[in-house]
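Reader: Hello! I'm new to this structure and would love a close look at one part of it. Could you walk me through some of the salt bridges, please?

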Amino acid sequence: MPICPEQIRKSPARIMGEYGPTGVLRVLIAWDHMEAEHQVHSNPNIEQIIAASPWPAEASALINDLGITSERKVRAAALLAGASRSLSSAVRREPSLLNVLESPAEFATEKAIFTAPSDVDAIDGLRCWKRRQLLRIALRDLLGEADLATVGRELSALANSCFARALEIADEGPPLAIIGMGKLGGSELNYASDVDIVFVHDGSTTDAVRRARKVVQVLTSLTSEGMVYRVDTDLRPDGQTGSLSLPPEAYQHYFEKRAHAWERQAYIKTSLCAGDPNVAKAFFDAVGPGVWEENLGAATVPSLQAMKQRVEESAKHKGYRELKKGPGGLRDIEFTVQLLQLVHGRTDQSIRSPNTLTALRQLSWGNYIDQADAVHFTTAYIHLRTVEHRLQLRDERQTHELPTNPENLYWVARAAGFATREDFEASHRRHQASVREIHERIFYRQTLNRMHDTGLVSELRTEHLAQLGFDDPERAAATIERLVENLGRRANVMQQVLVIMVEALATTPDPDLGLVRLAWLLDGSYRVGAILPVLRDSPIAISDIARILGSSRVAAGLLRNHPEFARSLMYIGALATPPEPQALATEASQTMNASGHDQTVQMAELRRFVRREQLRVAARDILGLASIVEVPEELSLLADAAVAAALQALAPQMPFAVIGLGRYGGLDLSYASDLDVIFVYDGDTAAEAQAAARTARGLLQQIGAQTAEGRAWEIDARLRPEGENGQLARSLEGYQRYYNERGQLWERQALLKRRFVAGDSGVGERFLELADNWCYQDNFSEVEVDEVRAMKRRIESERLGTGSRALDVKLGAGGLSDIEFTVQLMQLQHGHRYRSIQNNRTLPALAELAEHNLLDIADRATLEVGYRFCQRFRNARYHLSGLASDVFPEEDHEAHLLARRLGYSSLEDMLADYSDITTAVREVTRRLFYGNLA
């Protein structure tokens with residue numbers, strides 16, 4: 001018995017039990033539609049609908065010609081009037097075509113399968129039926145009942161049904177399957193597309209070709225009712241010269257022996273259109289290995305890239321008006337998607353969809369394309385295809401070009417849903433620009449060229465890893481296996497990337513540990529999300545990250561904490577030059593200011609900034625982009641920026657300055673150096689002295705505090721007058737008085753490496769002036785020379801154990817201490833006469849000493865070579881071990897790694913070189929520093 005909503009409201013339990021929730025829901029929906037129809041018919045607001053139409057005049061004319069009053073039909077006619085002249089004419093000739101609207105629930109439902117009628121007049125009947133179904137799809141599109149993807153599916157399903165009917169009309173013959181290609185194969189057909197197909201059969205080729213020709217004739221012959229479809233069969237093997245239909249084994253042979261790269265790309269977009277499903281399955285089994293072949297060949301990617309350029313050239317004169325082939329057009333998206341499918345789909349069946357939008361989702365899920373890029377491509381594709389649909393729907397004519405006439409372009413804008421032509425053009429150009437940028441970045445991605453011949457991760461067996469140079473190939477294989485397992489669905493994109501990465505790691509000083517660090521680096525979704533796209537997109541980054549991981553324990557740890565840094569490795573030149581000191585200082589200050597007023601948060605963010613910039617310096621160092629002179633300078637200037645930002649946050653209450661000493665003062669910091677500083681202020685009251693001491697203590701605490709990001713630096717103020725017992729901050733007058741009355745020679749020598757770092761520049765300059773006057777006095781006596789020599793001997797005897805003298809690059813014979821003491825003694829002796837040798841940096845001071853003939857050019861070269869070697873040694877030692885050490889490793893394996901890190905082929909070569917260099921330095925030191933007394 002029929003039920004109505006009133007019965008449901010009165011007896012809900014009984015009705016629900018009798019009809020079930022689905023039945024009740026259907027009744028309510030149907031009743032709502034009936035009530036809506038009744039209300040519309042009783043009070044149609046035709047004038048408002050016409051006024052709201054993009055084309056009021058055309059809408060009014062069509063509605064009046066049809067004499068319709070139903071609001072649904074009025075609304076449909078109003079949209080159809082301007083959108084399609086051909087369909088409007090068809091409706092005028094046959095108003096009953098609008099009857100497809102009379103069943104709202106059925107009209108709103110997507111049709112996955114169409115069934116063509118079996119009329120007596122089969123050919124003309126097929127054409128009439130197809131036009132009625134096309135109108136239904138167009139109206140669903142224009143009324144917003146179907147989105148772009150649904151419209152493409154329904155148009156494709158309609159074509160499939162027409163081919164199926166054409167097969168019925170054709171004479172009987174051997175089992176035949178029609179394979180949809182291109183947009184039909186991808187279920188994304190246009191309103192006026194040519195329909196690309198190929199035929200495959202089982203049995204007699206002659207009979208199959210005859211039947212295939214009849215199918216094409218049924219669909220393409222022109223009658224009084226028009227044509228069903230334009231059919232293109234040129235994608236078959238050998239094109240127009242090839243047989244119209246082939247058996248599966250012929251397709252297989254063709255793809256094994258003669259298929260071109262563009263054909264493999266074209267056969268991605270295939271699906272069964274109509275015919276025998278068993279024959280179709282045999283076809284897909286036959287061509288699949290050829291399309292998704294294990295080795296694409298070296299020419300595949302370049303040939304597809306070249307073909308894309310030829311396609312662009314053919315439409316170059318049309319510019320942005322070309323929706324399909326122009327820059328930022330549909331071909332940019334489709335070629336990019338299909339090339340990624342060809343390269344990665346060999347090993348990942350989940351990204352093989354023939355449908356462009358589906359394939360984009362699959363590629364994004366598999367991390368073969370960034371999610372943001374996939375979203376941009378998707379929205380642009382929908383926009384471009386929607387505009388293409390509107391252009392083609394107007395006259396059912398195949399076109400991909402925007403009109404040049406402003407009036408016609410305004411029509412396109414309105415048809416695509418824009419209020420004005422200017423809004424449409426602005427949006428259109430934004431989409432094109434976005435598509436073009438992504439296409440050029442991905443389609444010409446250099447890793448695609450490299451990946452064409454890579455094997456699979458599973459092929460990285462222990463014997464291959466041993467050949468590559470891994471010391472423990474079994475452990476390396478196990479690490480690779482765990483890495484792939486831990487990556488989950490992202491492991492697919494790593495299949496080829498990891499092979500390239502492992503080969504790159506094999507060239508580094510420590511490939512085994514580098515591989516372990518890679519697994520460590522790719523532990524956690526945030527890090528994987530930041531690192532994996534970089535590895536996927538850039539062969540430069542693969543090589544650089546491998547070099548970092550296999551060369552530096554420290555840099556690997558920094559990269560793990562700052563995976564976002566990996567993106568800077570993608571671009572040549574990104575690390576070519578360091579930031580300007582002022583830019584560093586500004587960024588450090590802004591980092592703290594952006595952290596609010598919580599001092600703990602401020603300092604934590606400052607430490608993050610320091611660690612990130614230390615990673616940048618380390619990367620430049622490891623990748624050979626910064627010299628042994630530039631690395632310590634960059635580390636020193638980074639420290640300056642951090643100290644200045646921290647001091648600014650403390651807001652000193654009087655003019656206050658920080659002076660760098662030692663390696664910091666000489667712009668000569670190593671990765672593990674302390675910051676030697678002293679503090680000076682301008683003031684003379686007890687209150688100012690207390691305030692200055694608070695500022696100094698606050699700075700020591702903030703810079704040196706331990707947090708989750710680690711300690712920025714160890715900061716050391718023990719070189720101040722009277723050492724740990726002296727005032728932490730001293731006034732300018734206090735320093736002047738101390739140096740004049742109680743200053744010692746070692747303090748004069750320490751002040752040779754003095755530099756204003758942060759704070760009040762006026763106070764800093766005044767301190768440097770009084771320091772210069774005290775350091776560089778006009779008479780440096782032999783007694784003072786002997787005192788400097790005695791101090792060096794004492795340092796060596798106190799800090800060097802017996803037997804280690806020759807293996808310490810700082811204090812050992814011929815090490816840094818020999819070089820620096822020699823330079824500083826000569827500065828103390830001659831600095832008063834030659835101001836240019838007062839340089840606080842060792843290498844420039846050497847150059848100035850030679851310039852004034854105080855140092856023989858050969859001796860200068862010897863000392864400079866020794867200095868550079870020792871600095872490189874210290875940095876490399878720290879990178880490999882994470883420890884600040886000036887001595888050679890005692891363990892042979894670590895010593896061999898150090899040799900490789902320094903560019904030596906063997907440990908013996910490094911030791912021999914070190915012996916030669918330090919022996920020569922020691923000889924110069926004996927003559928110039930000890931006066932042949934050592």
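Author: Here is a tour of a few salt bridges and the places they connect. Please keep in mind that this is a predicted model. The structure holds 59 salt bridges in total, so let us visit a handful of them, starting at helix α8, which spans residues 122-142.

Arg131 sits in that helix, and its side chain meets the side chain of Glu396 in a salt bridge, at 3.0 Å from N to O. This pair brings together distant parts of the chain, 265 residues apart, with Glu396 lying in the loop between α18 (371-395) and α19 (406-415). Arg131 counts as partly exposed because its relative accessibility is 27%.

Helix α8 also holds Arg136, which forms a salt bridge with Glu154; their closest N and O atoms are 3.4 Å apart. Glu154 belongs to helix α9 (residues 148-169), 18 residues away in the chain. Arg136 counts as buried because its relative accessibility is 4%, and Glu154 is buried too, at 0%.

Next comes a pair located in two loops: Glu188 and Lys269 meet through their side chains at 2.6 Å, N to O. Glu188 is in the loop between α10 (182-185) and β2 (195-201), while Lys269 is in the loop between α13 (261-266) and β5 (270-275), so the link spans 81 residues. Both Glu188 and Lys269 are buried.

Finally, some salt bridges join into a network: Lys308, Glu312, Asp332, Arg436 and Glu440 are linked in this way.

Technical notes:
Residues are numbered from 1 along each chain as its sequence is written. This is a predicted model: local features need pLDDT of at least 70, side-chain atom pairs count only at pLDDT 80 or more; totals for chains, interfaces and linings use all residues. Side-chain values use heavy atoms; hydrogens and water are left out. A salt bridge is a side-chain nitrogen of Lys or Arg within 4 Å of a carboxyl oxygen of Asp or Glu. Helices (H or I, at least four residues) and strands (E, at least two) are DSSP runs, numbered from the N terminus. Buried means under 20% relative accessible area, exposed over 50%, partly exposed in between (1.4 Å probe, protein chains only).
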